[in-house]
Amino acid sequence: MIKVKIAPSILASDFSKVGEEVASLERCGADLVHCDVMDGTFVPPITFGDQMVKAIRPRTCLPLDCHLMVVHPETQFEAFQRAGADILTIHVEACGKRTNALLRRIRELGMKPSAVINPETPVEEVFPAALEADMILLMSVHPGWGGQKFLPETLKKIEALRTFCIREGRGELDIEVDGGVTAENVRSILSAGANVIVAGSTVFRAADRAATIARLRG
Ligand code: DX5
Ligand code: ZN
């Protein structure tokens, strides 16, 4: 049975005390810390980059799962490696035909490579990357902002990707879903075949984060 992992997104945390917020996630039973890196071009907002990753690195033993919503992610690989990133996720919309070569580069640098597609991108466009990467992320909201509503069309994409992976002998590939996940819809997301759950607002707005993370495990 493939392991379910919960990856709270620090985008929804209190930036004035982000170190404490990150440290609390480990105590609350999270598996990964999801870091939403936005460059103001691939998506309108600017959040943070490798310097934030470097700052939070000593505050947790959990892997840092860095989602690069940036147009030229390859210019950042070495900086994120030095900062202590564990997983680097790059957008197929930004990398095009170079996606698999860039995934190999991330692996050469000692990090886990992962690729992601936006809601409007057909799932087939991430199939080649699924043969190279350690994880595939499917966006279930339009990237750029936390607190949006889960797009239900994502469920069919999860099913299609898991079926493809099983057919290709990669049935254990991590499939991550990002955006609008709640304790109410998580079951349908896991049943469709995802096993890594990003949750920003659901975790950080909860009165009891540990109980919420436990509920998200389904
Ligand atoms: C959106 C980000 C998400 C976001 C999720 O661009 O990639 O990781 O933080 O936030 P929630 O869980 O609040 O939808
Ligand atoms: Zn994200």
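In helix H1, the residues Val18, Gly19, Glu21, Val22, Ala23, Ser24 and Leu25 are buried, where buried denotes under 20% relative accessible area with a 1.4 Å probe and protein chains only. The structure is a predicted model, in which local features need pLDDT of at least 70 and side-chain atom pairs count only at pLDDT 80 or more, while totals for chains, interfaces and linings use all residues. Residues are numbered from 1 along each chain as its sequence is written, chains are lettered from A and ligands numbered from 1 in the order in which they are written, and side-chain values use heavy atoms, with hydrogens and water left out.

Because seven of the ten residues of H1 (residues 18-27) are buried, this helix is largely enclosed by the rest of the structure. The elements that cover its buried residues include strand S1 (5-8), S2, helix H2 (50-56), helix H9 (201-204) and helix H10 (209-216); helices (H or I, at least four residues) and strands (E, at least two) are DSSP runs numbered from the N terminus. Gly29, which follows H1, has a positive phi, near 95°.

The zinc ion (ligand 2) has as its protein donors His34 (NE2), Asp36 (OD), His67 (ND1) and Asp178 (OD), at 2.0 to 2.3 Å; donors are N, O and S atoms within 2.8 Å of the metal (3.2 Å for Na, K and Ca), and sites may look incomplete as water is not among the atoms. Along the chain, the donors are spaced as H-x1-D-x30-H-x110-D. His34 belongs to strand S2 (residues 33-38) and Asp178 to strand S7 (residues 174-178), so this pair ties together parts that are 144 residues apart in sequence. His34 counts as buried because its relative accessibility is 0%, and Asp178 is likewise buried, at 8% relative accessible area. The arrangement is octahedral because the six donor atoms around the zinc ion subtend angles of 67 to 164°; six donors count as octahedral if opposite donors are over 155 degrees apart and all others between 65 and 115.

Around ligand 1 there are 20 residues, of which Asp36, Gly144, Asp178, Gly200 and Ser201 come nearest, a residue being near if one of its heavy atoms lies within 4 Å. Oxygen atoms of ligand 1 lie 2.7 Å from a polar backbone atom of Gly144, 2.8 Å from one of Gly180 and 2.7 Å from one of Gly200. Of the 380 Å² of accessible area that ligand 1 has on its own, the protein covers 99%, as computed by the Shrake-Rupley method with a 1.4 Å probe.

Ser201 is placed in helix H9 and counts as buried because its relative accessibility is 18%. A polar atom of the Ser201 side chain lies 3.4 Å from the backbone nitrogen of Gly147. With residues up to four places away in sequence not counted, Ser201 touches Ala12, Gly147 and Ala206, contact meaning heavy atoms within 4.5 Å.

Leu88, in strand S4 (residues 87-91), is buried, with a relative accessible area of 0%. Its C-alpha atom is separated by 6.4 Å from that of Asp65, although the two residues are 23 residues apart along the chain. Leaving aside neighbours within four places in sequence, Leu88 has contacts that include Cys66, Leu68, Phe77, Phe80 and Ile106.

Technical notes. Tetrahedral: all angles 85-135°; square planar, octahedral: opposite > 155°, others 65-115°. Buried < 20%, exposed > 50% of the residue type's maximum accessible area, 1.4 Å probe, protein only. Polar contact = N/O pair within 3.5 Å; in protein donor to acceptor, adjacent residues only side chain to side chain.
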